[in-house]
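This report reads one model from its strands through its cores and salt bridges to a helix and a few unusual backbone angles. Please keep the sequence and the coordinates open alongside the text.

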Amino acid sequence: MVTSPHIPHAAAAEGDTSSTIVTTTTPAILKKLQNGSDVRGVALEGVPGEPVTLNEEAAYLIGAAFVDWLAEKKGKKPGDLSIAVGRDPRLSGPALANAMFAGFTSKGVGRVVDMGLATTPACFMATVTPGAAYDAGIMLTASHLPFNRNGAKFFTRDGGLDKADIEVICEGAAAACEAEPSGHAVPLDGVEDGVESVPFLEDYAATLRELIKKGAAHPDTPEKPLTGMKIIVDAGNGSGGFFAESVLKPLGADTSGSQFLDPDGNFPNHSPNPEDAQAMDSAVRATVAAKADLGVIFDTDVDRSAVIDGDGNPINRNKLIALLAAIILDEHPGSTVVTDSVTSDGLAEFIEGKGGKHVRYMRGYKNVINEGVRRDKAGEPCHLMIETSGHGAMKENYCLDDGAYIAVKIIIEAVRRRLRGGGGISDLLSELREPLEEKEVRLKITADDFKAYGGDVLDQLKSAVTSMEGYTPVDVNYEGYRVNRDEGDGKRGWFLLRQSLHDPVMVLNFESEIPGGVDVMAKDVVAWLREKDFGSLDASAVYAIVDK
């Protein structure tokens, strides 16, 4: 069946026995699917106010446009290209994969591979691993977002695509849509003829196992270096269950007590997100109940992770960065560590105290990774690039944000400390000074040109800070405006006002080392906001802090 070009999603007609479906999208929708360096949209109906934007034709057209981009990038004809697609457990995944395969074959791609259930890091590794070495790997995922969302992340052996690349692909898809507005036929069930089914997750697991065996170098049980250790995994019903079954167990670990390992696109237990408080609380409870030495929690597509120590203490955000920095700086003394803009002052002191150099850069994991790569190429060794969200990349691992690799590095350190008779991994954090209070609020911009409006707000803040008693702007701001506050007795707080990368929102972060310090800074910021009376800035979220 063919639907109106104004309807972004359709199902096969009742009684239609055709093996294909024709859905339609619009050029405007296709362009809006860009989400920085990847593609994201609503892929399933069922949530009020969220119409489908990423349907079968959209996937078809994006797949076809990606072929055009890849052929030019590689200097190859489509018939000489090999492209592999993996997906997380989302319910919309199979239909979108089939549509993308159809887009590839419409361009005459020589080899199209269905990797089935996969992780985002595995889709990159499939481009560099002997025996696979595809020209490109694509992961269909929307990370930790709700069940109705989906998207795509694109890789070549040079790494993940950047924002400019995704813009070219979405523009190409939009042009093809405009040229043929009646839609394109894509498969309803199964995969197109000529698509190979070649799972890759077990190959990736084998690579991780070898890393642990080599890194742990257990003298008594070299093939099973995790013997005697209990490590539980919380996969949040995403793609990460393989880590318990195919990485830890074969190396001798007791993984009993692990939870939510079965892939389930409804995500029935908790949000698959290490930053989510309920998800972390659930993983902590599981770690403590199992009396485990270590707990590992993944997001849906396993490019992020966090850990829990044997006492049930969560290690994420600043603590996770500090832990990995301690490990990396022991291996690579003097390395630069690039983080996003909202990391704590205590973390900066910790990294510098370990002999490293800390650089706070812009939010967005690709921004953080790209800045680390840039500095390293310029002669400033940078072995760790990590965002507080848990997106962490290491030079030794292709500068790839990989939650499983991060977990492997921490597990290796835990084994080494165990062999030396030392303490647990949390002992590495004993010198980390943590804030007493922290708060993040979001201020909505209602102006049409929200980027320009937000920039003006920041400029006015810069002018105002000079007359705010006790406040001093930091020397370098790569993003927004960060201001320190002298809290007395050697204590220091700070706040940062920045613009969201993609949305009409300004984000305001506070951190304090004294009781009530966040409230004091919030009152000062609110006083300035009320004096200015920004008509297109909804500051009610920060007003609520002081008006409670």
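## Strand pairing around β24

Two strands are taken to pair if DSSP finds at least two bridges between them. The model described here is predicted, and in it strand β20, residues 437-445, is joined to β24 by eight bridges, with the two strands running antiparallel. Strand β23, residues 491-499, also runs antiparallel to β24, to which six bridges join it. β23 and β24 form a hairpin, with five residues lying between them.

The residue N509 of β24 appears in both pairings: its bridge partner in β20 is E440, while L496 stands opposite N509 as well. Is β24, which covers residues 505-512, mostly covered or exposed? Eight of its eight residues are buried, and this holds for both faces, with V505, V507, N509 and E511 on one side and M506, L508, F510 and S512 on the other.

## Nonpolar cores

The largest nonpolar core of the model holds 71 residues, and those with the most contacts inside it are Y204, L226, I231, F243, L248, L323 and I410. Apart from this core lies another one of 43 residues, which includes A59, I62, V85 and L140.

L226 can serve as an example of the surroundings inside the larger set. Once its neighbours within four places in sequence are left aside, L226 is in contact with I212, I231, L248, L251, G252, A253, I411 and V415.

## Salt bridges across the chain

The count of salt bridges comes to 36. One of them joins D135 to K76, with the closest N and O atoms 2.8 Å apart. This pair links distant parts of the chain, 59 residues apart, since D135 belongs to the loop between α4 (120-125) and β6 (136-140) and K76 to the loop between α2 (56-74) and β4 (82-87). The two partners can be set side by side in their exposure: D135 has a relative accessible area of 4% and is buried, whereas K76, at 33%, is partly exposed.

Two further salt bridges involve helix α12, residues 403-419, and the first to be described is that between the side chains of D293 and R418, at 4.0 Å from N to O. Because D293 lies in the loop between α8 (277-289) and β12 (294-298) and R418 in helix α12, the pair ties together parts that are 125 residues apart in sequence. D293 is partly exposed, with a relative accessible area of 34%, and R418 is partly exposed as well, with 42%. In the other bridge, R416 meets E331 with the closest N and O atoms 3.8 Å apart. Here R416 is in helix α12 and E331 in helix α9 (residues 317-331), so the parts tied together are 85 residues apart in sequence. R416 counts as partly exposed at 29% relative accessibility, and E331 counts as partly exposed at 29%. Elsewhere, salt bridges that share partners join K357, E371, R374, R375 and E380 into one network.

## Helix α11 and its end

What span should the 13 residues of helix α11, residues 365-377, have at 1.5 Å a residue? The expected span is 1.5 Å times one less than the number of residues, and it therefore comes to 18 Å, in agreement with the 18 Å that separates the end C-alpha atoms of α11.

The buried residues of α11 are Y365, K366, V368, I369, E371, G372 and R375. An α-helix has 3.6 residues a turn, so residues three or four places apart point the same way. Of the buried residues in α11, E371 and R375 are among them, and E371 and R375 also belong to the salt-bridge network that includes K357. After α11 comes G379, which has a positive phi near 100°.

## Positive phi outside glycine

Where does A217, which is not a glycine but has a positive phi of about 45°, lie in the chain? A217 is placed in the loop between α6 (201-216) and β11 (231-234), and with 52% relative accessibility A217 counts as exposed, since the cut-off for that class is over 50%.

K291 is likewise not a glycine, and its phi is positive at about 50°. The loop between α8 and β12 holds K291, which counts as exposed at 74% relative accessibility. D293, the salt-bridge partner of R418, lies in this loop between α8 and β12 too.

Conventions:
Residues numbered from 1 in each chain as written. Predicted model: local features only at pLDDT ≥ 70, side-chain atom pairs only at ≥ 80, totals over all residues. Heavy atoms only, no water. Helix = DSSP H or I, 4+ residues; strand = E, 2+ residues; numbered from the N terminus. Buried < 20%, exposed > 50% of the residue type's maximum accessible area, 1.4 Å probe, protein only. Core = buried A, V, L, I, M, F, W, Y, C linked by side-chain atoms within 4.5 Å. Contact = heavy atoms within 4.5 Å.
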